[in-house]
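Reader: Hello! Could you take me on a close look at the pockets of this protein, and at the parts that surround them?

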Amino acid sequence: MPDLILELLSEEIPARMQARAAADLERLVNERLLGAGFMPEGVKAFAGPRRLALVAAGLPGRQPDRKEEKKGPRVGAPEKAVEGFLKSAGLSSLDQCEVRDDKKGQFYVAVVEETGRETASVIAAFMPEIIRAFPWPKSMRWGDGDLRWVRPIKSILCCFDGEVVDFVIDGIESGDVTSGHRFLAPKEFRARTFDKYEAGLRAGKVILDMAARAELIAREAKTLCEAQGLELVEDKGLLAEVAGLSEWPVPMMGAFDEKFLAVPDEVLTASMRGHQKYFSVRDPKTGRLANKFVYVANIEAPDAGKAMRAGYERVLTARLSDAWYLYHQDLKTPLADRVAELDRITFFEGLGTVGDKAKRVAALAKEIAPAVGADPALAERAALLAKADLVAQMVREFPELQGVMGRYYALAQGEPPEIADAIRDHYKPQGADDAVPTAPVSVAVALADKIDTLAVFWAIGKKPTGSSDPFALRRAALGCIAIALDNESRLCVRRVALVHLAAAVNSIGTAAAESLISLNREYDRVKSRIIGSSTDEEAYQKYTEEKIVRAQSQAIDLLIFFHDRLKVYLRDKGHRYDHIDAVLAKADGTPEDDLVLIVRKLEALEAFLKTDDGANLAAGFKRAANILRAEEKKGAVPGPDAVSEGKLAQAEEKALYAALAAAEEKAKKAVAAEKFEDAMSALASLRAPIDAFFDKVTVNADDPALRNNRLALLARFRAATAEVADLSKLEG
């Protein structure tokens, strides 16, 4: 079956837009083909520096004929109903309809028959619409036309079944002509099939497929390095970008002065990658970068790249000279002396400065350090210095090096390694694939930094809503969860949040009282109801006290937010959502704030439910819960403490009562010792007694006293299982 080929040749398309553009073109064309009744064997789009192309394989020569029956109103229906039906069916008269019978009488049926159009005419109709409405993130107009495109379009190639698909858009006529590489093979050539098109481009020094370009770059760059006993530093992001900058990539190797190796590797990489799009090269003997780099040209140079290489090296030398100067200038100022400069950087309106945040984080890191096995003094100092490199010249030039440069400066200035590493690691993890800090001081500072961010934004009501999370609070919470679980840090979220929310309110009030009052717009309302406040200062003091009290409810709210993020984290690890829900609360129904404890309970519950005893006990629990729920709708039900041993009439209920007494004691001791498997085993002993109870005992006995005692017994059974998990949350 014939193929469709399309190429939109333009000026240079930004590399960052190419992959998305190819996906959009593929989607849009496929949607139009399917909507027209075609079923292509495959649709694939390609993107490069100067062209966006597509091939759709296996299309028929024409659309299939279409016959559609549309049921209309009853014979004799109101005129308006008939008019609406005719209009929707594209008919002008009822004479064009059939009359049919059913059980309720006669009704009109419109039989619409449509002959399929030639495929080329269908393509010619929708292709200009796709081009005009193409969803570029940024687009431009040129000349006198009104077409908007990412860059000026030079030509359009569009052919189907070996023939040109004719259309005109903004004065540009479609055809079968394109050209190869701008410099190496600019001569035009004709192509009406995809095979000839792709082969013509290859002959014209253009590799159409971006993945093929990327594979070539990676392979040849690696070969260049291995030939000199070196290693290419892999960088998937840079590889994708460079593949989008060259139609005929030619990797080459250059060198720079060894004196620049005195600068940290991350600085060298940032200079090469960010400014010049060069790949770094590592010396496997030292583990550090070598004074080499790989660049990718878009041309085959006649002198084997000698002149080109000199140019690339000259430009990089200038960049590295700047970096060398900034690094050594930064080393002259101790990090501790830079902390004061943070007071000149606003953290967020109403939340003071970055300096205020550093002080809060330092206090919190000291507070939680013992819980994570860290030295409080080291944690406090590391947290105070953690943001100091934000005002260093190197970080101003390369913001992505924040934290990294702080570590180098701290080590050079004599700070302990634990502090230096914590400065580097306190932003981690920044995503699902990022490493989690493991050193105790690093853990304390990373947790403190994220908890402070969450607490202060909670304090001013800037919580995530729907899909909106401008301050990355969900990521901060997930980071805390990953750190706590990976390191088994016994951090009680609610207690820490409560203490820090109260402290944060005081800090915010001291640092930016006027901004906070303005932001919350509560001051006048609060002040007006505070009797006896003769000054604004007194009123604000009482206002602050109210804020601290409110911190208690905010801490609970923040804990629930952590639970929501924990559900996401654990579901991604393969745990069932109902199993997670079953372990999020304590026995008294309050939210559990120890994340590690939650996961241990979850693992024990899941292992228990895989056993016959576990599955059957869960079924027995549901039966008991359903009975209690039905009775609770009628009115009050006796609680678990209302069981009277003297009113137990049958052997089965006496056996259940005795089993409960034994299981409760064992389960409580096991839970207190955090031996959840033992607690589950204790509950497993209730399986036989509860099964026998339901087989032999009538709960809703005629005698009210007997009935209430049995309901209380079931309530006690329900309460006993709550020591480990809320089995009412389980499904299936």
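Author: Happily; what follows goes from the largest pocket to its neighbouring topics, one part at a time.

This is a predicted model, so a few ground rules help: local features need pLDDT of at least 70, side-chain atom pairs count only at pLDDT 80 or more, and totals for chains, interfaces and linings use all residues. Residues are numbered from 1 along each chain as its sequence is written, and side-chain values use heavy atoms, with hydrogens and water left out.

The largest pocket holds about 800 Å³ of space. A pocket here is found on a 1 Å grid over the protein atoms alone, as an open set of points where a 1.4 Å probe fits, with protein on both sides within 12 Å along at least five of seven lines; lining residues have an atom within 4 Å of a point. Its volume is the space filled by probe spheres set on the points, which are joined across faces, edges and corners.

Lining the largest pocket are 28 residues, and Gln-402, Tyr-427, Lys-428, Gln-430 and Arg-475 lie nearest its centre. By kind, the lining has 13 nonpolar, four polar and 11 charged residues. In this sorting, Ala, Val, Leu, Ile, Met, Phe, Trp, Tyr, Cys and Pro count as nonpolar, Asp, Glu, Lys and Arg as charged, and the others, Gly among them, as polar. At least two lining residues come from each of α10, α13 (404–412), α15 and α16 (473–487), and α15 gives the most, with four. These helices are DSSP runs (H or I, at least four residues), numbered from the N terminus.

Let's stay with Gln-430 for a moment. Gln-430 sits in the loop between α14 (417–425) and α15 (440–459). Gln-430 counts as partly exposed because its relative accessible area is 47%; buried means under 20%, exposed over 50%, and partly exposed in between, with a 1.4 Å probe and protein chains only. Its C-alpha is 36 Å from that of Asn-30, and the two are 400 residues apart in sequence.

Now to α10, one of the helices that supply the lining of the largest pocket. Helix α10 covers residues 354–368, 15 in number, and spans 21 Å from first C-alpha to last, close to the 21 Å expected at 1.5 Å a residue. That expected span is 1.5 Å times one less than the number of residues. Most of α10 is covered, with 11 of its 15 residues buried; among them are Val-354, Leu-364 and Ile-368. At the N-terminal end, Thr-353 caps α10, with a side-chain oxygen 3.2 Å from the backbone nitrogen of Gly-355.

The second largest pocket has about 310 Å³ of space. Of the 15 residues that line the second largest pocket, Gly-431, Ala-432, Leu-478, Ala-482 and Tyr-569 are the closest to its centre. Two or more lining residues come from each of α16 and α19 (536–572), and α16 has the largest share, with five residues. The lining of the second largest pocket divides into seven nonpolar, three polar and five charged residues.

For your bench notes, here is the cysteine picture too. The count of disulfides (pairs of cysteine sulfur atoms within 2.5 Å) comes to zero. Cys-159 is in no disulfide, and the nearest cysteine sulfur, that of Cys-158, is 6.7 Å away. Cys-159 is buried, because its relative accessibility is 0%.

Key: A polar contact is a pair of N or O atoms within 3.5 Å; within protein, one must be able to donate a hydrogen and the other to accept it, and residues adjacent in sequence count only if both atoms are side-chain atoms.
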